[in-house]
Amino acid sequence: MAALKDNRQVALTLEDKQQGHFVKVSELALSDRQAVRGWLKGFDQEVLLVRRVFTNKDGSTGTLILV
């Protein structure tokens, strides 16, 4: 498990991957703890992406996309 940078690109379908249609991870409309399968650009195997939203000690919120 690792956190992804916002600029990493992912295709959510095999057809999109084959056609070269990728979107930035930051553009995915995922809710907290929602998981989707997809293909990272430059990586041949299908992966599971999970979005996590958390609250910092100062009350601000942060998000992580985990793979």
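Where is the place of aspartate 58? Aspartate 58 is found in the loop between S4 and strand S5 (61–66); strands here are DSSP runs of E with at least two residues, numbered from the N terminus. Before we go on, please keep in mind that this is a predicted model, in which local features need pLDDT of at least 70, side-chain atom pairs count only at pLDDT 80 or more, and totals for chains, interfaces and linings use all residues. Residues are numbered from 1 along each chain as its sequence is written, and side-chain values use heavy atoms, with hydrogens and water left out.

Let us stay with that loop for a moment. Aspartate 58 has a relative accessible area of 64% and is therefore exposed, given that exposed means over 50%, buried under 20% and partly exposed in between (1.4 Å probe, protein chains only). Its side chain is joined to that of serine 60 by a polar contact of 2.6 Å, that is, a pair of N or O atoms within 3.5 Å, where within protein one must be able to donate a hydrogen and the other to accept it, and residues adjacent in sequence count only if both atoms are side-chain atoms. Glycine 59 takes a positive phi near 95° in the hairpin of S4 and S5, which has five residues between the strands.

Now follow the strands themselves. S4 and S5 pair in the antiparallel sense over six bridges (pairing requires that DSSP finds at least two bridges between two strands), and phenylalanine 54 has glycine 62 in S5 as its bridge partner. S3 and S4 are also antiparallel, with five bridges; here alanine 35 is partnered by valine 50 in S4. The S3 and S4 hairpin has five residues between its strands, and glycine 42 in the turn has a positive phi of about 85°.

Next comes the interior. The largest nonpolar core has ten residues, among them Leu4, Val25, Leu40, Leu49 and Ile65; such a core is a set of buried Ala, Val, Leu, Ile, Met, Phe, Trp, Tyr and Cys residues joined through side-chain atoms within 4.5 Å. Strands S3 (35–40) and S4 (46–55) each supply at least two residues of this core.

Finally, look for charge pairing. The structure holds one salt bridge, meaning a side-chain nitrogen of Lys or Arg within 4 Å of a carboxyl oxygen of Asp or Glu. Aspartate 32 and arginine 52 form it, their closest N and O atoms being 3.6 Å apart. Because aspartate 32 lies in the loop between strand S2 (23–24) and S3, and arginine 52 in strand S4, the pair ties together parts that are 20 residues apart in sequence.

Terms used
Helices (H or I, at least four residues) and strands (E, at least two) are DSSP runs, numbered from the N terminus.
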